[in-house]
Amino acid sequence: MFRGGQKVLIIACEDDPRAIGKTGRILDEVPPGPLTGGRWTVDRISIWIAPVLCHAHELKPMD
């Protein structure tokens, strides 16, 4: 389970493969639901990469 603002490492990303290996922050304040297909929104990855949606198994907590 992740929390809003938590720093994560993106180990896989079906939404945008360019995000793999980069860090970002969880944008969601509540667990994801059916609107996002159960995926977490990760932001602040890069100036060139928009926020991405990632499944929990594609993310590794950094803190």
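The following paragraphs lead the reader through the structure, from its sheet to its core, its cysteines and its salt bridges. The structure is a predicted model.

The sheet offers a convenient starting point. Five strands make up an open sheet, arranged in the order 4-3-2-1-5, and their pairing is antiparallel. The edges are occupied by strand 4 and strand 5; each has a single partner strand, so one side of each is left without a neighbour in the sheet. On average, neighbouring strands of this sheet are turned by 45° against each other, direction ignored. In general, it is backbone hydrogen bonds through which the strands of a sheet pair, and the pairing may be parallel or antiparallel. One pair can be followed in detail: strand 3 and strand 4 are joined in the antiparallel sense over three bridges. Within this region, Thr41 has Leu53 of strand 4 standing opposite.

The nonpolar core comes next. The largest nonpolar core contains 13 residues. Those with the most contacts inside this core are Ile10, Ile26, Val42, Ile45, Val52, Cys54 and Leu59. Two or more residues are given to the core by each of strand 1 (7-10), strand 3 (40-43) and strand 4 (52-54). Val42 illustrates how such a residue is surrounded. Leaving aside residues up to four places away in sequence, Val42 touches Val8, Ile10, Gly24, Arg25, Ile26, Pro51, Val52, Cys54 and Leu59.

Cys54 leads to a further matter, that of the cysteines. How many disulfides does a search of the whole structure find? The search finds zero. The pair Cys13 and Cys54 shows the reasoning. For Cys13, the closest cysteine sulfur is that of Cys54, at 3.5 Å, and this is too far for a bond, because a disulfide requires the two sulfur atoms to be within 2.5 Å. Both residues are nevertheless buried: Cys13 has a relative accessibility of 5%, and Cys54 has a relative accessible area of 0%.

Cys13 also has a neighbour that is distant in sequence, namely Glu58. The two residues are separated by 45 residues in sequence, while their C-alpha atoms are 6.2 Å apart in space. Glu58 lies in the loop between strand 4 and strand 5. Is this residue buried or exposed? Glu58 is buried, with a relative accessible area of 5%. When residues up to four places away in sequence are not counted, Glu58 touches Leu9, Ile10, Ile11, Ala12, Cys13, Glu14 and Leu53.

Finally, the charged side chains may be considered. The structure holds two salt bridges. In one of them, Arg3 is paired with Asp63, and the closest N and O atoms are 4.0 Å apart. This pair links distant parts of the chain, since Arg3 belongs to the segment before strand 1 and Asp63 to the segment after strand 5 (59-61), 60 residues apart. Arg3 is partly exposed, at 46% relative accessible area, whereas Asp63 counts as exposed, at 52%. The other salt bridge joins Asp16 to Arg18, with 2.9 Å between the closest N and O atoms. Here Asp16 is buried, with a relative accessible area of 13%, while Arg18 is partly exposed, with a value of 49%.

Conventions:
Residues are numbered from 1 along each chain as its sequence is written. This is a predicted model: local features need pLDDT of at least 70, side-chain atom pairs count only at pLDDT 80 or more; totals for chains, interfaces and linings use all residues. Side-chain values use heavy atoms; hydrogens and water are left out. A nonpolar core is a set of buried Ala, Val, Leu, Ile, Met, Phe, Trp, Tyr and Cys residues joined through side-chain atoms within 4.5 Å. Buried means under 20% relative accessible area, exposed over 50%, partly exposed in between (1.4 Å probe, protein chains only). Helices (H or I, at least four residues) and strands (E, at least two) are DSSP runs, numbered from the N terminus. Contact means heavy atoms within 4.5 Å. Two strands pair if DSSP finds at least two bridges between them. Axes are lines fitted to C-alpha atoms, for helices over the stretch in contact, and angles run from 0 to 180 degrees between N-to-C directions.
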